[in-house]
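Open the model in a viewer and keep the sequence panel visible. The stops below go from the whole chain to single residues.

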Amino acid sequence: MAKRKNKARFVLEDGLIAGNRLAGSIEVTPRGVFLSFDGYGEKCAAEGCGQPVMVEFYEGKLRLIAFGDINSEEPTYVIDMNGAAEVLRNSVRCALCKKDVPAAKARRDRDNDIVCEDCWDDRMA
Ligand SMILES: [Zn+2]
């Protein structure tokens with residue numbers, strides 16, 4: 001396979017067993033971020049070509065898709081990540097006054113900073 005700029009190799013170190021490693025690669029495309037791991041694949045992919053984990057942005061939702069069963073064509077997990085959206089935090093810290101405020105009463109400014117309603121109003125005044 002031709003080496004592509006949007007693909008990079010990595011090595012994972014076992015979190016418990018010293019010296020145990022697993023190599024893989026990450027491919028970044030506009031359609032998704034794909035992870036492959038040496039020795040792991042998908043039912044419909046040729047040996048060594050599977051990408052059993054992907055992250056995509058689909059119908060306005062961030063999704064994590066995992067093919068955890070080599071004998072199944074269907075993903076074992078499709079995880080909707082929208083619950084991890086920062087705007088859903090119970091409280092957020094205003095970038096300007098540094099107060100914790102309910103997330104529902106905060107906004108993102110054009111610099112992508114979280115700003116409370118009071119600071120927002122002060123800015124607009
Ligand atoms: Zn503020």
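## Whole chain

Colour by secondary structure to begin: the protein has ten strands and one helix. This is a predicted model. Following the sequence, the elements come in the pattern β-β-β-β-β-β-β-β-β-β-α.

Now colour by pLDDT. The average for the protein is 91, and 97% of the residues score at least 70. Among the elements, strand β3 (residues 32-37) has the highest mean pLDDT, 98, and strand β9 (residues 106-108) the lowest, 86.

Switch to the C-alpha trace and turn it along its principal axes, where it spans about 60 × 35 × 30 Å. The radius of gyration is 21 Å, whereas a compact globule of 125 residues would have one near 14 Å. Buried residues account for 10% of the 125 residues. Of the contacts between residues at least 6 apart in sequence, 10% join residues at least 24 apart.

## Two domains

Select 7-83 and give this range one colour, then select 86-124 and give it another. These are domain 1 and domain 2 of the domain assignment. The C-alpha centres of domain 1 and domain 2 are 35 Å apart.

## The six-stranded sheet

Select β1 to β6. What is the order of the strands in this open sheet? The six strands follow one another as β1-β2-β3-β4-β5-β6, with antiparallel pairing. Strands β1 (7-13) and β6 (77-80) are at the edges; each has a single partner strand, so one side of each has no neighbour in the sheet. From one strand to the next, the twist averages 20°.

Show the backbone hydrogen bonds next. Strands of a sheet pair through such bonds, in either a parallel or an antiparallel way.

Start from the β1 edge. Strand β1 runs antiparallel to strand β2 (residues 21-29), and seven bridges join them. Select L12 and L22: L22 in β2 is the bridge partner of L12. Is β1 mostly buried or in the open? Of its seven residues the number buried is zero, so β1 lies largely in the open.

Go on to β3 and β4, an antiparallel pair with three bridges. Here L35 stands opposite V53 in β4. Keep V53 selected and look towards β5, where A66 stands opposite V53. Strands β4 and β5 are antiparallel and pair over six bridges. Keep A66 selected in turn and find Y77 in β6, which stands opposite A66. The antiparallel pairing of strand β5 (residues 61-66) with β6 has four bridges. Show side chains on any of these strands if you wish; in a regular strand they alternate between the two faces of the sheet.

## Q51, a buried loop residue

Select Q51, in the loop between β3 and β4 (53-58). Is Q51 buried or exposed? Its C-beta has 21 other C-beta atoms within 10 Å, and the cut-off for a buried residue is 20 or more, so Q51 counts as buried.

Add the residues that Q51 touches, leaving out those up to four places away in sequence: E27, F34, L35 and S36. L35 is the residue already met opposite V53. For a distance check, draw a line from Q51 to L12; their C-alpha atoms are separated by 16 Å, with the two positions 39 residues apart along the chain.

## Two positive phi angles

Select E59, in the loop between β4 and β5. The hairpin of β4 and β5 has two residues between the strands, and E59 takes a positive phi near 50° there. E59 is not a glycine. With 6 other C-beta atoms within 10 Å, E59 is exposed.

Finish at K98, in the loop between β7 (91-93) and β8 (100-102). What is the phi of K98? The angle is positive, about 65°, although K98 is not a glycine. K98 has 9 C-beta neighbours inside 10 Å and counts as exposed.

Definitions and conventions:
Residues are numbered from 1 along each chain as its sequence is written. This is a predicted model: local features need pLDDT of at least 70, side-chain atom pairs count only at pLDDT 80 or more; totals for chains, interfaces and linings use all residues. Two strands pair if DSSP finds at least two bridges between them. Axes are lines fitted to C-alpha atoms, for helices over the stretch in contact, and angles run from 0 to 180 degrees between N-to-C directions. A residue is buried if 20 or more other C-beta atoms lie within 10 Å of its own, exposed if 12 or fewer, and partly exposed in between; C-beta atoms are placed from the backbone. Domain bounds come from an automatic or database domain assignment. pLDDT is the predictor's confidence in each residue, from 0 to 100. The radius of gyration is taken over C-alpha atoms; the globule rule is 2.2 Å times the number of residues to the power 0.38. Two residues are in contact if their C-beta atoms, placed from the backbone, lie within 7 Å.
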